[in-house]
Amino acid sequence: MEEIENIKETISKCERCDLSNNRKNTVPGEGSKDADIMIIGEAPGKKEDETGRPFVGRAGKVLTEALEKAGIKRSDVFITNVVKCRPPKNRDPKKDEIKKCRGYLEDQLETIEPNIIVPLGNSALKTLLGQQRISEKRGEIFEKDGRKYMPTYHPAATIYNRKLRPELIKDLEKIGEESR
Ligand code: URA
């Protein structure tokens, strides 16, 4: 089993797809290597690309606050994305980019072995569970290949639709309970 630091090092040199051409930094993910909860977003944005850290922009602020309100410390979880480099102009990651990056996520999952995996939004839901609609699947527990999942809204979605924010917090509370 690989150490989380070795995975990070490998990602930093990755040239498996064209996203490597335009990045400032890879964004491998961060958090506790003993995390019970692993949170998985879609792709780094501008701030993340500049800093090399996941969820540090506007959506990140929402995520950090929602975690706090749900009684979960950001430093206790592991946060990453389906792809580790920013797509140009924040377009959706392409199928082949997701496919080429998938191995890194798998390595992270095998190393951290979280009790519960949290796909944020449609893209992560589709990549991890092959399911389509976050609005229908959020808050549900899924078991797949011996792993437990509970998808919830992407925090960015709760910026555009404020009504979703309490739902996100409620889901995170349940995730906190399920993770123990
Ligand atoms: N949105 C994501 O999906 N991931 C990030 O790291 C930041 C914003």
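Tutor: A polar contact is a pair of N or O atoms within 3.5 Å. Keep that cut-off in mind for the ligand. The model here is predicted.

Student: How far is an oxygen atom of the ligand from a polar backbone atom of Glu42?

Tutor: The separation is 2.9 Å. A ligand oxygen also lies 3.0 Å from a polar backbone atom of Phe55. Asn81 uses its side chain: a polar atom there is 2.7 Å from a nitrogen atom of the ligand.

Student: What share of the ligand does the protein bury?

Tutor: Taken alone, the ligand exposes 240 Å². The protein buries 90% of that area.

Student: Which residues surround the ligand?

Tutor: Go along the chain. Gly41, Glu42 and Ala43 are among them, and so is Glu48. Pro54 and Phe55 also belong to the shell, together with Asn81 and His154.

Student: How does that shell divide by class?

Tutor: The shell has three nonpolar, three polar and two charged residues.

Student: Now the empty space. What does a rolling probe show?

Tutor: A probe the size of a water molecule, rolled over the atoms, shows where empty space is left. For the reading below, a cavity is space where the probe fits but cannot get out, whereas a pocket is open.

Student: Where does the ligand sit?

Tutor: The ligand sits in the largest pocket. That pocket holds about 610 Å³ of space. Its lining counts 27 residues, and closest to the centre are Glu42, Ala43, Ala59, His154 and Ala156. Compare the ligand shell: Glu42, Ala43 and His154 are named there too.

Student: Which elements give two or more residues to this lining?

Tutor: Four helices appear: α3 (46-51), α4 (58-69), α6 (121-129) and α8 (157-160).

Student: And what is the mix of classes in the lining of the largest pocket?

Tutor: There are 11 nonpolar, nine polar and seven charged residues.

Student: How much space lies in the second largest pocket?

Tutor: About 290 Å³. Glu42 is in the lining here as well, alongside Asp92, Pro93, Lys95, Ile98, Lys99, Arg102, Ser123, Lys126 and Thr127.

Student: Which element gives the most to the lining of the second largest pocket?

Tutor: α5 does, with four residues. Both α5 and α6 supply at least two each. Check the classes next: six residues are charged, two are nonpolar and two are polar.

Student: How many cavities of 30 Å³ or more does the structure hold?

Tutor: One. The volume of the largest cavity is about 120 Å³.

Student: Which residues lie nearest the centre of the largest cavity?

Tutor: Cys14, Cys17, Cys85, Cys101 and Tyr104 do, out of 14 lining residues. By class, the lining has eight nonpolar, one polar and five charged residues.

Student: Which helices each supply at least two residues of that lining?

Tutor: α2 (19-22) and α5 (95-112). Of the elements, α5 gives the most, with four residues. Recall that α5 also gives the most to the lining of the second largest pocket.

Notes:
Residues are numbered from 1 along each chain as its sequence is written. This is a predicted model: local features need pLDDT of at least 70, side-chain atom pairs count only at pLDDT 80 or more; totals for chains, interfaces and linings use all residues. Side-chain values use heavy atoms; hydrogens and water are left out. A residue is near a molecule or strand if one of its heavy atoms lies within 4 Å of it. A polar contact is a pair of N or O atoms within 3.5 Å; within protein, one must be able to donate a hydrogen and the other to accept it, and residues adjacent in sequence count only if both atoms are side-chain atoms. Accessible areas come from the Shrake-Rupley method with a 1.4 Å probe; for residues, only the protein chains shown count as cover. On a 1 Å grid over the protein atoms alone, a cavity is a set of points where a 1.4 Å probe fits but cannot get out, and a pocket is an open set with protein on both sides within 12 Å along at least five of seven lines; lining residues have an atom within 4 Å of a point. A molecule sits in a cavity or pocket if more than half of its atoms lie within 2 Å of its grid points. Ala, Val, Leu, Ile, Met, Phe, Trp, Tyr, Cys and Pro count as nonpolar, Asp, Glu, Lys and Arg as charged, and the others, Gly among them, as polar. Grid points are joined across faces, edges and corners, and a volume is the space filled by probe spheres set on the points.
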